[in-house]
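Colleague: I would like to learn how to read buried strands, helix faces and empty space in a model. Can we take them in turn?

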Amino acid sequence: MRRRLRKPALALPLVAFVLVSFIAPILLMLARGVHQPVVRDALPETLAILDAWDGLGVPEEAAFAAAAEELRAADEARLAARIGGRVNRVRSGLRTVIVAGARTGADGAGAGSARERLLAADPAWGDPATWRALRTAGERFTLRNYLNALDLDRGADGAVVRQPEERRVYVPLLLRTLGVSAAVTVLCLLLGYPVAHVIARAPARRARWLLLAVLVPFWTSLLVRTTAWIVLLQQRGVINDLLVWLGLVDDAARLTLVYNMTGTLIAMTHVLLPFMVLPIYSVMQGIPPRFMRAAESLGATPAQAFRRVYWPLTLPGVGAGALLVFILAIGYYITPALVGGSGGQLFSNMIAFHMETSLNWGLAAALGGILLAVVGALYVLYERTVGGENLRLG
Amino acid sequence: MKGRRAAALLVVAGWSGTVGGSACGGPPAPGGSLTVVSWGGSYERAVTEAYIRPFAEAHEVAVGIESYNGGLAQVRSQVEVGRVHWDVVDLEAFDALRGCEEGLLEPIPPDFLPPGPDGTPASEDFAEGAISECGVGNVFYSTIYAYNDRLIQGEKPATIEDFFDLERFPGRRGMRRSPLVNLEFALMADGVARDEVYAVLDTPEGRDRAFRKLGTIREQVVWWEAGAQPPQMLADGEVVMSTAYNGRIFNAQALESQPFVIVWDGQLLDFGQKAIVAGTPNLENALEFVRFATSAESTARVSGYIAYGPVRASGLPLVSTHVETGVDMLPHLPTAPENERLSLRMDTAWWTDHLDEMNERFSAWLARSP
């Protein structure tokens, strides 16, 4: 009994490490997508009144009084701007309205009713939409981030509606990201398969050099490689200069190879190529050359031998390489941001943007959750169609 | 001898330096330590020479320098986790405003700031709006557009309208991948007077109008993200003209003799601010540093290394020549009278309210482009 436990116990440190440093942060981050307590904690009474409000006319005096008082307290705790920021995400332009309200509450004690004070701070306090936004921002558990991440929103009556066209961004971007990833995967397969075959069949010494050639770019900084592609591909870059010098392209009509989809595809394919070559190579190495010779001696043409013998045997490597490249490509953002031009933004660029710039971690978490779900769904799909046992990662 | 020792205390940590920039190894500096965070590149070199090194020497403080790319994410995570290792940070004005309201930055009492050399109190000496509750302005920088003289034959562009005129000036243009500045440029090019830009932008029709105008050149735009890109793209001939930070273009002109020409018409003026991260253990040094870095002399010295102007009225007369080339700096500053006349001041408050919405819309607009 004890002996049986000893072996798994050796893996415990790793399991604990993965739990603490990987699984737990992911779960905490995903929780941010649905759990937003800041506004509810700061304005409990106001929101209790608003919960009972029909959402149509301007709310009753008690709501104004509670809001003025609680916002004042929030301002003293330096929370007013954070609340304003949250409400601003529901309805743009309300940030200053909330902050102004909090500041008036602070000095205006006794100068008129709470309603008059808030209205004097900003007339937007008389607009039911302001209060609706406050109520929405005050939901402790919310699906709003996930709705927004799918270009949806709740209308005034609470029904789910599509965002106005000029704000629909995430779904088209997700589709584009999937398309780009698929294209990169296919390109990597087309380029990587023959390379892997050459390396697998080369004598040991040459194979080492060839492998090194695949790995050196793999070890080079991503930024360096991407910038190098810009130098090569730009309009007055090496490739265009060469084409013009050879007379293949007119000087006035140089090719646009970078800052568009072409540039993204070329650079991403190059960056991800090793992830395709290595698994395929390791599988090919295990296929004895006599299998092909046997097929040919039994009368198969080289094409038939490849199609019926070699290709099926390499499938586990192809599957692993394709899955690796596809999943890495879905999460890519530095390369597309640098060489992609206007069409170059991918889904992960928006996650980075909301993490670093807009500080809307709730939305970033929701976007990340969607990306995780897509990758998970793809893996399940792969299991069902190709089969998990057909996967060799190295 | 003393100078040499202080210089040795100046530790330059890379931007991944989460270890903190305090002088590791060696005896601790008598004045304690301080970590200053700036924008990197030529701007960081300028401020290092202009006031970080002099401060380290004068106060015998070990100053670590880190660079970052802006935004409040790192400041916020340090404050929330309670392990603050950045002390003084260079921030864009609207981030200083947001960070202050969210309690991420220490308030800086305005009467703590040094008066001008002629005794003018700080509150009158600084440009309007340059001091906020937590942020103290130090330099004016500006987004202009510049063209490569070698690539445009015949008539040269001279106004903001010309940037959007593909017929008279064909060729690709560089623009920052952000709605900031671009919406203002679009409206000015569409005939909106400078002092009405933000009033127009405040209406839905005005925003539609700005995006429509941007749409007229979208096919020809190459989007940039880092300030170092536009001079590179202009030099490579990737674009014929580009929006850019004026200091970067000046450096390319002065140090690399690039044939770039700045068009000041419609330049968008903004200031960089210094702010102190809330809860820093080095508060005293941080305050002293802010005081030192925002003196009229320090802000004027920055102009000797990069073409950004002091935000203090008393700093402008102290501006002299470029340290490396001896060029007279005043005409190259965005706040030189003949340049400032053509400028629009960025409305920080408007952008604080609308940045999220505009970013979303801008992304959607880009994503729909062919």
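Modeller: Start with a strand. This is a predicted model. In chain B, six of the six residues of strand β3 (residues 62-67) are buried, so the strand is largely enclosed by the rest of the structure.

Colleague: Which residues of β3(B) are buried on one side, and which on the other?

Modeller: The general idea comes first. In a regular strand, side chains alternate between the two faces of the sheet. Here, one side of β3(B) holds A62(B), G64(B) and E66(B). The other side holds V63(B), I65(B) and S67(B). Every one of these is buried, and both faces are covered.

Colleague: In which sense do β2(B) and β3(B) pair?

Modeller: Strand β2 (residues 33-38) of chain B pairs with β3(B) in the parallel sense, over six bridges. Look at V36(B): its bridge partner in β3(B) is I65(B). Add helix α2 (residues 41-59) of chain B. Together, β2(B), α2(B) and β3(B) form a right-handed β-α-β unit.

Colleague: Now a helix. Which residues of α7(A) are buried?

Modeller: Helix α7 (residues 114-121) of chain A buries A114(A), R117(A) and L118(A). Seen down the axis of α7(A), these buried residues fall within an arc of 95°, so they line one face of the helix. The general rule helps: an α-helix has 3.6 residues a turn, so residues three or four places apart point the same way.

Colleague: And empty space? How many cavities of 30 Å³ or more does a search of the whole structure find?

Modeller: The idea is simple. Rolling a probe the size of a water molecule over the atoms shows where empty space is left. Here the search finds four such cavities. The largest cavity holds about 190 Å³. It is lined by 17 residues, and the closest to its centre are G85(A), R89(A), R95(A), R98(B) and E102(B).

Colleague: Which element gives the most to the lining of the largest cavity?

Modeller: That is α5(A), with six residues. By class, this cavity lining has five nonpolar, four polar and eight charged residues.

Colleague: What is the volume of the second largest pocket?

Modeller: About 1000 Å³. Its lining has 45 residues, and the closest to the centre are R89(A), V90(A), R91(A), D153(A) and R167(A). The largest share of this lining, six residues, comes from α15(B).

Colleague: How does the lining of the second largest pocket divide by class?

Modeller: There are ten nonpolar, 14 polar and 21 charged residues.

How values were computed. Residues numbered from 1 in each chain as written. Chains lettered and ligands numbered in written order. Predicted model: local features only at pLDDT ≥ 70, side-chain atom pairs only at ≥ 80, totals over all residues. Heavy atoms only, no water. 1 Å grid on protein atoms, 1.4 Å probe; cavity = no way out; pocket = protein on both sides within 12 Å on 5 of 7 lines; lining within 4 Å. Points joined across faces, edges and corners; volume = space filled by probe spheres on them. Helix = DSSP H or I, 4+ residues; strand = E, 2+ residues; numbered from the N terminus. Nonpolar A, V, L, I, M, F, W, Y, C, P; charged D, E, K, R; others polar. Buried < 20%, exposed > 50% of the residue type's maximum accessible area, 1.4 Å probe, protein only. Pairing = 2+ DSSP bridges. Right-handed = clockwise from strand over helix to strand, strands pointing away. Arc of directions from axis to C-beta.
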